[in-house]
Amino acid sequence: MATRFDSTQMTENRFTDIFNVTVPDLERLVAAALSRGGDYSDLYFEYSSYGELLLRDGAVTSGGFHVDYGVGIRVLKGEKTGYAYSESTAMKDMLAAAQTAAIIAGSCTAKEVPPVRVSRPASPDFYGMKESWNNVPASRFLPFLKDLENRIYSKDQRVVKVLARLSYSESEIMMFNSYGELTCDSRPMGNVSVSVIMNENGNTENKSVSRSFRMGAEMISGELADELASEAVSGMDERFRAGRPEGGIMPVVMGAGASGILLHEAMGHAFEADFNRKGQSVFSDRMGQKICNESISIVDDGTLYGNRGSCNFDDEGIPGQKTYMVRNGILASYLHDRISAKWFGTSPTGNGRRESFRFNPIPRMRSTYMENGPEDPKDIIASVQKGIYVDEFSNGQVKIGEGDFTFYVKSGFLIENGRLGDPIKDINIIGNGPKALSDIIAVGNDLKIDNGIWTCGKGQSAPVTCGIPTVLVRSLTVGGSAGE
């Protein structure tokens, strides 16, 4: 007689084995966390392994591997949050953390907590791992790094130095809460970055490129090496002859792809619900209002397959989903965790994220991008008599609440009489995110998601991606050779 296996139960058992707990243990921990009168509690278990290799001066000179393990316990009581974590999953240590979280939350009235009915939400599948990083010896990656270096040197004789880094991780996450929801997630991540230094007639230029995906070791290939090598040396002819333009207020065309970092930093943070709940965002009282051109729709997406910012579940156990922050120019939604969703009387959007089990979840972006508009990118450039085109950003500073920003532009072009002119570099773009959003007057049909190693900081780090089609901003301040 054939035996039927429950794959969901098998997955759950694997996770409870990793953390040496049982479902009754989870129920006991939640009850302990709420025993002082808390309204809600959740548990976040994490087992993460990290590996890294660095190639410098023609050889892999360093590497490392480490593991992070523990559980974070949160208690909510009214507007108060208590959070504690333990690097041990021994029951006595976890119970101590649960009691600490309850005390921090201000809970003091003892109460009996009724048992919860355990549910197991179905897991989406937004990333796959054909080959576990942990099952591949590090020695197998050494030829890839050397091949990447060789391809770069072979593509441009001006290359004088290559620095290449491979890092990878696997995280096993198990979450349980006082609603009885038990969710499990295996999260892979692979990152490859390369920095190139080039010299021409005594002048030095550098460029960095990267790729990051929620994939296993199968992402390491000759095709990836060639893609990175080609990108690392592309545009360097223009970079060597580029200059700083005259500064001033002018139209700016933002190229598809990496320009999305400005969308993320200067605009996206203002849609995060914690800033709006506290009245710190300029969009706090503008839900349902028109805030930009009707050709603009802005998405925060956790469902792009294999994307660095995607998540089957967020770090509160909410399934990954696609959220329209702006739809056809109308502010449609904030980015919610469970706390803000309850405060606004809406559903969580799957944006409760944290750096690790040591951190409390807060509203964070995932993959943030603007959808395609109706315009041909060539027509957008042709519509500008005098301005600049930018396509590669570096460091930036943003005041999240107000949206005031300064971004450093590594490369671009002058636009003169509707055509790309001389290359430019090393300039600042200064403006206000919400105003820049309202000043976008043309949106291209060439959306590109940039799959680089983007990491967002908001008191804690989180992997993200960004993207944008070619867009025209009516006016921004450009800091150049004069009028800075």
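In this predicted model, the residues Y47, F65 and V67 together make a nonpolar surface patch of about 270 Å². One member of that patch, F65, lies in strand β2, which covers residues 59-77. With a relative accessible area of 52%, F65 counts as exposed, because the term applies to values over 50%.

**Two helices**

Two packed helices are described by the angle between their axes and the distance between the axes. Helix α2, made of residues 23-34, and helix α3, made of residues 91-104, have axes that come within 8 Å and cross at roughly 30°. Because angles under 35 degrees count as roughly parallel, α2 is described as roughly parallel to α3. The crossing of α2 and α3 is right-handed.

**Salt bridges**

Side chains of opposite charge can pair when their charged atoms come close. Counting each side-chain nitrogen of Lys or Arg within 4 Å of a carboxyl oxygen of Asp or Glu, the total for this model comes to 33 salt bridges. Among them are the pairs in the table.

| Salt bridge | Closest N to O distance |
|---|---|
| R74 and D42 | 2.7 Å |
| E87 and R358 | 2.9 Å |
| K155 and D226 | 3.3 Å |

In the pair formed by R74 and D42, the closest N and O atoms are 2.7 Å apart. R74 lies in strand β2 and D42 in strand β1, residues 40-56, so this salt bridge ties together parts of the chain that are 32 residues apart in sequence. Both R74 and D42 are buried.

Where in the chain do E87 and R358 lie? E87 is found in the loop between β3 (80-86) and α3, while R358 is found in the loop between β11 (352-353) and β12 (362-363), so their salt bridge ties together parts that are 271 residues apart in sequence. R358 has a relative accessibility of 27% and therefore counts as partly exposed.

The salt bridge between K155 and D226, with its closest N and O atoms 3.3 Å apart, also links distant parts of the chain: K155 belongs to helix α4, residues 142-155, and D226 to helix α5, residues 222-233, with their positions 71 residues apart in the numbering. K155 is partly exposed, with a relative accessible area of 34%, and D226, at 29% relative accessibility, counts as partly exposed as well. Through salt bridges that share partners, D147, R151, K155 and D226 are joined into one network.

Definitions and conventions
Residues numbered from 1 in each chain as written. Predicted model: local features only at pLDDT ≥ 70, side-chain atom pairs only at ≥ 80, totals over all residues. Heavy atoms only, no water. Patch = residues over 30% accessible without salt bridge, like charges linked within 9 Å, V, L, I, M, F, W, Y side chains within 5 Å. Areas by Shrake-Rupley, 256 points an atom, 1.4 Å probe, with all protein chains shown as cover. Helix = DSSP H or I, 4+ residues; strand = E, 2+ residues; numbered from the N terminus. Buried < 20%, exposed > 50% of the residue type's maximum accessible area, 1.4 Å probe, protein only. Axes fitted to C-alpha atoms, helices over the stretch in contact; angles between N-to-C directions. Parallel < 35°, antiparallel > 145°, perpendicular 65-115°, else oblique. Left-handed = near helix turned anticlockwise from the far one by under 90°.
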